[in-house]
Amino acid sequence: MLEALFNPSSIAVIGASQDPKKVGYAVLDNLKKYNFRGGLYPVNPAAGEILGLKAYPKLADIGKEVDLAVIAIPARFVPDALGECAAAGITSAVVLSAGFKEAGREGTLLEEQLKAISKERHIRILGPNCLGLINTANSMNATFAADMLPKGKIAFFSQSGAMGIAIMDWAIGNEIGFSKFISLGNKADLSELDFIEYFMNDPDTSLILGYIEDVVDGKRFMEVAQKATRAKPVILLKSGGTEAGARAASSHTGALAGSDVAFDAAFKQTGVMRAQGVQDLFDTALAFAEGKIPAGNGLLVITNAGGPGIIAADAAERLGVELPHMTRESIEAMAGKLPPNATVFNPVDVIGDATSARYAAVLEQAVKDPNVDGILVILTPQAMTDMETTAEVVIETSKRTNKPIITSFMGEARVRSAIRKLKDSSIPNFSYPELAVKSFKRLAQYRAWKDYKTEELPSCWYNFDAAAETVTSILKSGIYQVGEEEAMQLLTYYGFQFPERALARTSREAARIASRIGFPVVMKISSPDILHKTDVGGVRVNVKTQKEAEEAFTEITSNARRIMRDAFVKGVMVYEMVKGGKEVILGVTYDRTFGHMIMFGLGGIYVEVLKDVSFRIVPVARRDALAMVNELKTAGLLHGVRGERPADINAIASTIVNLSCLVSDFPEIRELDINPLVVKEKGAVALDARIIFKQPEEKR
Ligand SMILES: Nc1ncnc2c1ncn2[C@@H]1O[C@H](COP(=O)(O)OP(=O)(O)O)[C@@H](O)[C@H]1O
Ligand SMILES: [Mg+2]
């Protein structure tokens, strides 16, 4: 679809200029200087010749077929120029001009015009307000940047031109090759999604990198990214903090959903690797640039110094990378070639006086060893160390194996030429062992992602018709926040379990219901106006006798009347008291980009302090539901500590999946809290629930 953009047979530069200070000069100069293979037509009303090329006063004067227009004229003229392009049959345009959305109201209106022209006249637009694009395969540098990228396998897009330039400089400085480079600009038409989709099938690209500040369409992102990551690694740097942070937080879940959790969740669910910063983006790119993905998570560390080996081991432990020992056969085979004081376990220490032969001996076994999935070679330049030959040994070994080999040749001056050699053979070298371990972790993670079977989205046990009736009747009454009574009714239709309960309108009735349910019971205020019941003294647990039940009724209702004078009190709900189990919180919140998200965390009163919660975008697959549980720092508490029986993790996963089904079926729901859900050894019971519906104007 984007063929004309990446592989045009001819380009018109509208606004080409003779003035070297102008964008219209720089871009034409780049196209010419870097030998774009195809027709080049400068368009300028005045000039007869620009950079030795014949210039045309108007697009229509060219008289030959043009595939791509590069536009560098003042913003206010761009809509007309695009119209002319469309009339000339051009299907793709790059708008370098600034002065659009980024420049205030007038610019925003101009940009709306661009969008309309793009749709109506079927012309795809990159930009506006962008740096342009590069395709190294056909030597097309349609940017006004100062350099050209070396050829390679990385495709990169950037929402920020400045970040794009920085990446370009890094790539040139480190001789990292790129296949494509895109400056997205304002994304009036083409966005990161179009390019991820294109790069996924681009034979020149094996790694997709990007810098984004937002995503234009969350739902489409989920679909596109999920497919792309199956084909090749996708690493994105997303700058955080958007306006989503300013959401109203009327539920626990809403309060806990910071502005960026949706992106974290979306990346996890789609297998996109999130770079934690520019350095991390570079490091990860470097790790993947060699193109080998390990079969598993086991890293063998070879070092000629103890300290760096320990640093690597610490990093491995922190990141969950395994450092397996080699098999007995391997250890025996290399024993004769290593001095007696060498350490043969992982990290393998070949000792400070190690020659390249010792490294070779270990590497030879490591590539054959079934326990080893990847190898980290650490070298410190000691007096006896033969840096360059060791680099050659690494390179030779790497040619013979599918296992990724990464290096950390530490230092600067003395290791420079060895690192040069490694670089020439695409062996990623990291200045510090911990960075190398981290990048191996990324490689292993990608392997794990590729190994996941794509999971059918679960179908749920539900009673849609009954639920729809409940939702309709709630919304008809003009109420947008409902408490336990209605929430429990709705949730029951999606398979949720609740304790036995009944409403008491008098203290006598409370006593009667309590003895029918069986003591002890829990009693709670029932009022559509009171959503946080404990706050108004509206909850009594462990009510043991009829007399206590009568007293509790009086106490709860008078507490409520005292604290919330205007609240309409229906009575007091009497509940079977649930004993044992672990209290967790389950919730739903709504993100502007991605839609509904499910939250899970350890419940109770500390939830907002500990903030130990996990999020996923709806729909949530069962695998993701289980990952949500295991991702908590406190997951161990659910798995059982000190002889405790484990909580029913499968039941939690089922409730998460059911909740995901509920909100998929009812987009009217904005937020929802189930706090607590009590998870037992077998099954889970919800003790409290609250739902907030979207106001009519919020619906979409
Ligand atoms: N049926 C029950 N069995 C046992 N404990 C309960 C029951 N219902 C509520 N609780 C306890 O009382 C606490 C407060 O009740 P809840 O209904 O969540 O009120 P609130 O509106 O204050 O959140 C719960 O967190 C839970 O620990
Ligand atoms: Mg509660």
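## The largest pocket

In this predicted model, helix α16 supplies the largest share of the lining of the largest pocket, with 7 residues. The pocket has a volume of about 980 Å³. Its lining counts 29 residues. Closest to the centre are Phe267, Lys268, Val272, Gln445 and Glu631.

Several elements give two or more residues to this lining. The helices are α9 (261-270), α11 (306-319), α16 (433-451) and α22 (622-630). The strands are β14 (273-275) and β26 (613-617). By class, the lining of the largest pocket has 14 nonpolar residues, 11 charged and 4 polar.

## The cavities

How many cavities of 30 Å³ or more does a search of the whole structure find? The search finds 2. The largest cavity has a volume of about 170 Å³. It is lined by 19 residues. Nearest its centre lie Gly483, Glu484, Glu485, Ser527 and Pro528. Elements that give two or more residues to this lining are β19 (481-482), α18 (484-492), β21 (521-526) and β29 (689-693). Helix α18 gives the most, with 3 residues. By class, the lining of the largest cavity divides into 8 nonpolar, 7 charged and 4 polar residues.

The second largest cavity has a volume of about 30 Å³. Its lining consists of Asp280, Asp283, Thr284, Leu435, Lys438, Ser439 and Arg442. Helices α10 (278-289) and α16 each supply at least two of these residues. Here α16 gives the most, with 4 residues. The lining of the second largest cavity has 4 charged residues, 2 polar and 1 nonpolar. Helix α16 thus appears in two linings: that of the largest pocket and that of the second largest cavity.

## A parallel sheet and its helices

An open sheet is formed by 4 strands. Their order is β16-β15-β17-β18, and the pairing is parallel. Which strands are at the edge? They are β16 (348-349) and β18 (405-409), each of which pairs on one side only.

Strand β17 (residues 374-379) pairs with β18 in the parallel sense over 5 bridges. Within this pair, Ile375 has Ile405 of β18 as its bridge partner. Helix α14 (residues 387-399) packs on the sheet and touches β17 and β18. The direction of α14 makes about 170 degrees with that of β18. Another helix, α13 (residues 356-368), lies across β15 (299-303), β16 and β17. Helix α13 runs at about 170 degrees to β17.

## A lysine in a loop

Lys187 is found in the loop between β11 (178-183) and α6 (192-200). Is this lysine buried or exposed? Lys187 has a relative accessible area of 6%. Buried means under 20%, so Lys187 counts as buried.

Leaving aside residues up to four places away in sequence, Lys187 touches six residues by name: Gly127, Gln159, Glu192, Asp214, Val215 and Val216. Glu192, one of these contacts, lies at the start of the α6 range (192-200).

## Cis peptide bonds

Most peptide bonds are trans. Two cis bonds before proline deserve a look. One joins Asn346 and Pro347, with omega about 0 degrees. Pro347 lies in the loop between α12 (328-335) and β16. That loop leads to an edge strand of the sheet, β16.

The other cis bond joins Phe519 and Pro520. Its omega is about -5 degrees. Pro520 sits in the loop between α19 (507-517) and β21. Strand β21 also gives residues to the lining of the largest cavity.

## Positive phi values

Most residues other than glycine have a negative phi. Leu51 has a positive value, with phi near 50 degrees. Its place is in the loop between β3 (49-50) and β4 (53-54). At 24% relative accessibility, Leu51 counts as partly exposed.

Asn542 also has a positive phi, about 60 degrees, although it is not a glycine. Where is Asn542 placed? It is in strand β22 (residues 539-543). Asn542 is partly exposed, with a relative accessible area of 30%.

Definitions and conventions
Residues are numbered from 1 along each chain as its sequence is written. Chains are lettered from A and ligands numbered from 1 in the order in which they are written. This is a predicted model: local features need pLDDT of at least 70, side-chain atom pairs count only at pLDDT 80 or more; totals for chains, interfaces and linings use all residues. Side-chain values use heavy atoms; hydrogens and water are left out. On a 1 Å grid over the protein atoms alone, a cavity is a set of points where a 1.4 Å probe fits but cannot get out, and a pocket is an open set with protein on both sides within 12 Å along at least five of seven lines; lining residues have an atom within 4 Å of a point. Grid points are joined across faces, edges and corners, and a volume is the space filled by probe spheres set on the points. Ala, Val, Leu, Ile, Met, Phe, Trp, Tyr, Cys and Pro count as nonpolar, Asp, Glu, Lys and Arg as charged, and the others, Gly among them, as polar. Buried means under 20% relative accessible area, exposed over 50%, partly exposed in between (1.4 Å probe, protein chains only). Contact means heavy atoms within 4.5 Å. Two strands pair if DSSP finds at least two bridges between them. Axes are lines fitted to C-alpha atoms, for helices over the stretch in contact, and angles run from 0 to 180 degrees between N-to-C directions.
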